[in-house]
Amino acid sequence: MDSSDRHQPDILLLGAGGFIGSHLCVALRRRNRCRLTALDLDRSKIDQGLAEAVEFDAGVSGSTPAGSEIRYVDLDIVQPENRERLDELIAGHDIVVNMIAVCNPALYVSDPLGTFEIGFRGNLDIIDSCVRHDRRLIHFSTCEVYGKSPAVYVEDEAFWFDEEESNLIMGPVSRHRWIYASGKQLLERYIHAHGLQNGLDYTIIRPFNYIGQRIDYLPSEQTGNPRVFSHFMNALLTGEPLSLVNGGEQRRAYLYIRDATEAHLRIIENEGNLCSRRIFNVGNPANETSIRDLAVLMSDIWRERFMSPGEVLPGLREVSGEEFYGVGYDDIDRRLPLIDAIRECTGWEPVYGLREMLVEIMEYYHRRVGSIA
Ligand code: UGA
């Protein structure tokens with residue numbers, strides 16, 4: 001790339017049709033400074049995101065936004081016969097953003113081999129191609145690589161997860177939820193080793209519980225077992241109790257997808273190459289909550305803003321992990337990200353508080369379900 005091309009990189013988004021990818025696609029398109037290829041099997045979330053952005057901008061300025069064109073590629077990267085095509089696509093772009101994964105604990109439990117096939121084997125091909133063609137790789141890993149918090153076992157141990165210092169603690173093999181995190185952990189080590197030995201230019205992102213518009217389907221729209229926000233939202237919409245798995249005392253720190261997308265854009269921009277060969281936690285420790293408190297907060301917001309007259313707020317019910325997910329489930333007690341590294345390298349700072357983001361996302365799903373009904 002010469003310097004005149006530097007503001008027009010060709011970006012290949014792998015897994016572009018998912019929750020994180022669809023938000024990134026819309027944001028990159030708006031910035032209009034790159035050529036975009038979006039690969040996935042389903043582009044409906046991207047279409048939805050683009051339509052919502054057009055609607056929003058028309059409301060604000062009365063006109064439709066301009067932006068880079070998106071080229072779509074419909075390819076199943078797990079199929080061996082598609083490997084060559086994938087390799088050609090990677091060779092033809094400057095930056096590869098890899099978001100291909102199964103990101104749902106219920107699927108790690110019900111289909112550990114499928115999780116491995118996509119999450120691990122499919123990703124190896126992508127990494128190898130980036131090494132072969134000397135392409136910059138932005139690889140989405142997961143906060144699950146930290147595993148269980150050591151503070152639960154060792155007194156005085158810090159709760160914070162630090163990219164450079166924390167040990168990564170997985171559960172036993174018989175709790176096959178850990179196949180996802182173990183595979184992701186090995187991929188990170190493989191990428192790191194390619195950085196050391198072959199000069200691979202990479203950034204690894206560890207997302208910490210992003211939530212936002214289009215995160216998952218709701219269980220009443222589609223069968224399945226999505227992540228917690230969608231379960232709670234569905235329960236409020238249908239008047240069924242909100243389920244607290246194993247009591248709901250486990251804790252998560254939630255980051256709004258709007259904040260997360262800004263972090264991703266800065267990492268892609270890579271000002272001063274400060275993000276190269278780095279691992280970043282991307283999360284918001286200020287938004288830490290127990291799952292029980294999340295259920296209570298969502299119920300409060302529902303009562304204040306969405307509840308119809310005469311409607312009764314559904315209660316909470318406790319359920320075991322095995323009953324909710326099946327045999328092989330295990331949980332992570334607490335996940336608290338240190339975010340000094342990404343702050344220092346990009347100046348990024350999360351801005352949305354938990355209540356504020358929940359109001360916006362619940363409003364979105366409330367409107368969406370209303371328009372479906
Ligand atoms: C998941 C993924 O496995 C991670 O890879 C991913 O990075 C992460 O989401 C994320 O969104 O960043 P987890 O936080 O366990 O991890 O996902 P959820 O399904 O949202 O569960 C959160 C907690 O709520 C768990 O303790 C779960 O047992 C509990 N839960 C879930 C309930 O109490 N009730 C429900 O209805 C659903």
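**Exercise 1. Place Ile 332 in the chain and decide: is Ile 332 buried or exposed?**

Solution. Start with the surface. In this predicted model, Ile 332 has a relative accessible area of 0%. Buried means under 20%, so Ile 332 is buried.

Next, find its place in the chain. Ile 332 sits in the loop that runs between helix H10 (321–325) and strand E15 (336–337).

Then look at what surrounds this residue. Setting aside residues up to four places away in sequence, Ile 332 touches Glu 144, Gly 147, Arg 177, Trp 178, Gln 250 and Arg 252.

Finally, try a distance. Ile 332 and His 133 are 199 residues apart along the chain, and 38 Å separates their C-alpha atoms.

**Exercise 2. Do the same for His 139: in which strand is His 139 found, and which residues does His 139 touch?**

Solution. His 139 belongs to strand E5, which covers residues 136–140. With a relative accessible area of 0%, His 139 is buried.

Now list the contacts, again not counting residues up to four places away in sequence. His 139 touches Asn 98, Asn 123, Leu 187, Ile 191, Thr 203, Ile 204 and Ile 205.

For a distance, pick Ile 279. It lies 140 residues from His 139 along the chain, and the two C-alpha atoms are separated by 9.4 Å.

**Exercise 3. Find Gly 199 and describe its surroundings: in the loop between which helix and which strand is it found?**

Solution. Gly 199 is in the loop between helix H6 (178–198) and strand E7 (202–207). Its relative accessibility is 31%, so Gly 199 counts as partly exposed.

Leave aside the neighbours within four places in sequence, and Gly 199 is in contact with His 194 and Arg 277. To Val 131 there are 68 residues in sequence and 8.3 Å in space, C-alpha to C-alpha.

**Exercise 4. Take helices H7, H8 and H9 in turn: which of their residues are buried?**

Solution. Begin with H7 (residues 228–238), a mostly covered helix with eight of its eleven residues buried. Those residues are Phe 229, Ser 230, His 231, Phe 232, Met 233, Asn 234, Ala 235 and Leu 236. Gly 239 follows H7 and has a positive phi, near 80 degrees.

Move on to H8. This helix has 13 residues and reaches 18 Å from first C-alpha to last, close to the 18 Å expected at 1.5 Å a residue. Its buried residues are Ile 257, Asp 259, Ala 260, Thr 261, Ala 263, His 264, Leu 265, Ile 267 and Ile 268.

End with H9 (residues 291–306), whose 16 residues reach 21 Å from first C-alpha to last, close to the 22 Å expected. Buried in H9 are Ile 291, Leu 294, Ala 295, Leu 297, Met 298, Ser 299, Ile 301, Trp 302 and Phe 306.

A helpful rule for reading such lists: an α-helix has 3.6 residues a turn, so residues three or four places apart point the same way.

**Exercise 5. Look at the backbone of three asparagines: what is the phi of Asn 246, of Asn 270 and of Asn 273?**

Solution. Recall the background first. Most residues other than glycine have a negative phi.

Asn 246 is not a glycine, yet its phi is positive, about 50 degrees. It is placed in the loop between strand E9 (242–245) and strand E10 (251–253). With a relative accessible area of 46%, Asn 246 is partly exposed.

Asn 270 comes after H8 and has a positive phi, near 50 degrees.

Asn 273, also not a glycine, has a positive phi of about 55 degrees. Its loop lies between helix H8 (257–269) and strand E12 (278–282). Here the relative accessibility is 54%, so Asn 273 counts as exposed.

**Exercise 6. Step back to the whole chain: how many helices and strands are there, and how compact is the chain?**

Solution. Count the elements first: there are twelve helices and 15 strands. The radius of gyration is 20 Å, close to the 21 Å that the globule rule gives for 373 residues, so the chain is as compact as a globular protein of that length.

Two percentages complete the picture. Of the 373 residues, 53% are buried. Among contacts between residues at least 6 apart in sequence, 80% join residues at least 24 apart.

Last come the charges: the chain has 39 positive and 57 negative side chains, and the centres of the two sets lie 2 Å apart.

How values were computed. Residues numbered from 1 in each chain as written. Predicted model: local features only at pLDDT ≥ 70, side-chain atom pairs only at ≥ 80, totals over all residues. Heavy atoms only, no water. Helix = DSSP H or I, 4+ residues; strand = E, 2+ residues; numbered from the N terminus. Rg over C-alpha atoms; globule rule 2.2 N^0.38 Å. Buried < 20%, exposed > 50% of the residue type's maximum accessible area, 1.4 Å probe, protein only. Contact = heavy atoms within 4.5 Å. Lys, Arg positive; Asp, Glu negative; His and termini not counted. Charge placed at Lys NZ, Arg CZ, Asp CG, Glu CD. Expected span 1.5 Å × (residues − 1).
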